[in-house]
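Reader: Could you take me through one part of this model in detail? I'd like a close look at the place where the two chains meet.

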Number of protein chains: 2
Amino acid sequence: MSLPPEFALIARHFRGLAGEGALDLSDDAALLAPPPGRELVLAADAMVEGVHYLPDDPPETIGRKLLRVNLSDLAAMGAEPLAYLMTTALPRGTTAEWLEGFAAGLAADQREFGLQVLGGDTVSIPGPACLSLTILGTVPPGLALRRNGARAGDDLWVSGTIGDGALGLAVLQGRAPADAAGHLARRYRLPEPRLALGRALRGLAHAAMDVSDGLAQDLGHLCRASNLGAMLELGSIPLSEPARGFIQDDATWLPRLATGGDDYELLFAADPADAARILAAADAAGTPVARIGRFTLGAPGVTVLGPDGQAMALPRGGWSHF
Amino acid sequence: MSLPPEFALIARHFRGLAGEGALDLSDDAALLAPPPGRELVLAADAMVEGVHYLPDDPPETIGRKLLRVNLSDLAAMGAEPLAYLMTTALPRGTTAEWLEGFAAGLAADQREFGLQVLGGDTVSIPGPACLSLTILGTVPPGLALRRNGARAGDDLWVSGTIGDGALGLAVLQGRAPADAAGHLARRYRLPEPRLALGRALRGLAHAAMDVSDGLAQDLGHLCRASNLGAMLELGSIPLSEPARGFIQDDATWLPRLATGGDDYELLFAADPADAARILAAADAAGTPVARIGRFTLGAPGVTVLGPDGQAMALPRGGWSHF
């Protein structure tokens with residue numbers, strides 16, 4: 001009896017990615033001896049073709065983005081990567097070249113971030129590709145960063161720059177002119193999980209999360225989890241050089257960048273007295289951070305201050321699937 | 001800022017399913033202190049609307065099947081359920097009633113099998129629903145059942161009955177007449193993970209796997225993993241009352257049932273000297289088992305013996321996605 005194609009597909013493209021406990025991806029399940037003295041951190045994110053990535057994105061970056069959006073969840077918890085499981089629902093016309101690129105992207109990021117695949121499933125779908133990844137990480141017990149620990153008076157910080165992912169998508173969809181160096185499209189396709197910063201914030205940040213659905217909306221989640229209000233200073237949001245160019249040409253981009261998705265930066269709360277320690281930790285992690293507001297007593301919710309210091313309304317509340 | 005619908009959806013339908021470490025499904029990831037002195041067992045299976053279940057299947061059984069096909073992988077490893085993560089990619093038209101039924105099915109099986117959801121993701125898809133579940137279980141270290149331990153001369157056993165799932169699908173698609181009691185459709189929609197049997201086989205079976213893509217094809221996997229041949233006695237395959245009725249009317253059903261999918265029974269190898277212990281373990285687990293062949297030296301592959309004892313070819317090699 002010859003092997004049917006999906007087994008050949010798994011053997012050819014995915015077996016080389018497998019970690020020790022994956023049993024060559026040829027058993028019913030994987031085995032994992034949990035690292036002693038550590039707590040497990042688990043998250044799962046799905047990506048759908050045409051929703052979370054563009055059909056003509058390079059397969060390498062699709063594989064890497066799938067891993068990175070999940071790594072970003074580990075970063076937000078201050079966790080270190082351990083392993084992952086992945087299910088891929090692929091249209092029947094998926095080519096070997098696409099699969100090679102997708103697996104090569106996963107392989108590159110496995111090496112970069114130090115984790116391996118433990119198992120998964122490969123099935124067909126009469127529709128767009130649907131990719132799902134479950135990631136496992138570890139933290140020292142009790143030290144995971146959470147969303148619910150912010151305190152009134154805490155500074156609000158964010159890592160990296162905001163809005164590049166949303167601008168990159170606009171560029172790729174022809175809704176905005178491209179930047180010369182392709183920085184924006186790259187930021188959309190290849191988010192940077194802030195793992196080193198997340199680890200450095202353990203025991204220092206009072207609360208943290210990753211920004212994936214828009215800064216203002218995600219800050220609202222942090223507020224609700226911590227039962228606090230927050231002031232967000234639009235003029236303090238860190239922007240890349242290309243993003244600043246867009247805003248110079250059209251000031252209405254600024255509020256739109258604060259509600260666009262695909263940032264995958266860390267948003268966190270810390271005692272103002274710890275500002276110097278935060279900056280030192282960020283420096284050691286090689287990730288810039290900026291103070292963009294503060295947490296306040298009051299009903300959970302976000303007050304946005306425009307560059308003129310006046311409260312203002314944002315255009316929309318972030319990305320929603322339904 | 002009002003909550004966008006997917007957060008309301010998660011809060012309304014899925015939060016009640018969440019386990020202790022799920023952090024109310026409102027953090028970036030879940031926390032899990034691994035049970036001390038146990039090895040983790042991990043598997044992930046995806047189900048696509050129209051491929052793994054029928055669009056008009058009741059949402060309750062879709063949720064339960066999603067959990068059960070994964071529980072079946074744990075059963076095949078001799079593991080006990082611990083928790084799961086789930087991603088759902090749903091068409092925008094998905095109704096609240098569908099979600100209520102889907103979540104109610106998950107809730108019922110969480111109670112029946114003793115596990116809870118830890119996290120996941122809910123996204124939209126411009127196509128058929130795509131559901132992915134990652135399951136976590138535990139075993140005492142070193143006692144997981146594997147596929148690669150069968151020995152020449154071992155008996156080949158299978159649990160329950162074979163072919164009901166494939167017949168149930170044929171009934172639901174109008175390709176076969178319905179049985180009076182609806183047993184077959186129910187077996188397609190609601191597989192029975194053989195968890196108690198799997199646990200009872202720890203230290204007793206030499207190799208095990210679950211049958212999901214067709215008995216003959218999956219036996220081929222067991223043969224390759226153990227580097228053995230196998231004789232499969234078609235006439236010894238355990239059949240339900242309705243399946244026997246089909247074969248009485250049309251003998252060509254028998255080989256087709258041996259290659260149909262959706263059985264979710266355990267296929268395992270054991271020393272013939274342990275036959276009485278196997279039967280006692282199966283009896284204690286409340287799951288019937290039948291001896292359906294044996295493992296042989298030689299090139300990996302399955303020789304099928306017809307009811308007349310003569311070697312015969314099967315119609316096709318089982319379900320393939322591509």
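Author: Here's a walk through the contact between the chains, with a short detour at the end. Keep in mind that this is a predicted model.

Let's start with the extent of the thing. On one side, 70 residues of chain A are in contact, and they face 69 residues of chain B. The size of an interface is often given as the accessible area lost when the parts come together. For chain A and chain B that comes to about 5900 Å², with 64% of it on carbon and sulfur atoms.

Now for the polar side of the story. Between chain A and chain B there are 20 residue pairs in polar contact, counting pairs with both residues at pLDDT 80 or more. If you ask which element of chain A gives the largest share of the side touching chain B, it's strand S2 (residues 39–48), with nine residues. Sort the residues on that side of chain A by type and you get 42 nonpolar, 14 polar and 14 charged.

Strand S2 of chain A deserves a second look, since a strand of the other chain pairs with it. Its partner is strand S1 (residues 30–32) of chain B; the two run antiparallel and are joined by three bridges. Zoom in there and you'll find A:Val41 opposite B:Leu31, the latter in S1 of chain B.

What about charges? Side chains of opposite charge can pair when their charged atoms come close. Six salt bridges cross the interface of chain A and chain B. In one salt bridge, A:Arg147 meets B:Asp27, at 3.9 Å from N to O.

Next, the symmetry. Turn chain A by 180 degrees, with a shift of 0.0 Å along the axis, and it lies on chain B with an RMSD of 0.0 Å. The two copies are therefore related as by a two-fold rotation axis. In chain A, the C-alpha nearest that axis belongs to A:Gly127, 2.5 Å away. Both copies use the same surface, too: 99% of chain A's contact residues recur in chain B.

And the detour: over all chains, the whole structure has 42 salt bridges. One within chain A joins A:Glu112 to A:Arg64, with the closest N and O atoms 3.7 Å apart. That pair links distant parts of the chain, 48 residues apart: A:Glu112 sits in helix H3 (residues 96–113) and A:Arg64 in helix H2 (residues 59–76).

Conventions. Residues numbered from 1 in each chain as written. Chains lettered and ligands numbered in written order. Heavy atoms only, no water. Contact = heavy atoms within 4.5 Å. Buried area = accessible area lost by both parts, 1.4 Å probe. Salt bridge = Lys/Arg side-chain N within 4 Å of Asp/Glu carboxyl O. Polar contact = N/O pair within 3.5 Å; in protein donor to acceptor, adjacent residues only side chain to side chain. Helix = DSSP H or I, 4+ residues; strand = E, 2+ residues; numbered from the N terminus. Nonpolar A, V, L, I, M, F, W, Y, C, P; charged D, E, K, R; others polar. Pairing = 2+ DSSP bridges. Least-squares fit on C-alpha atoms with pLDDT ≥ 70 in both.
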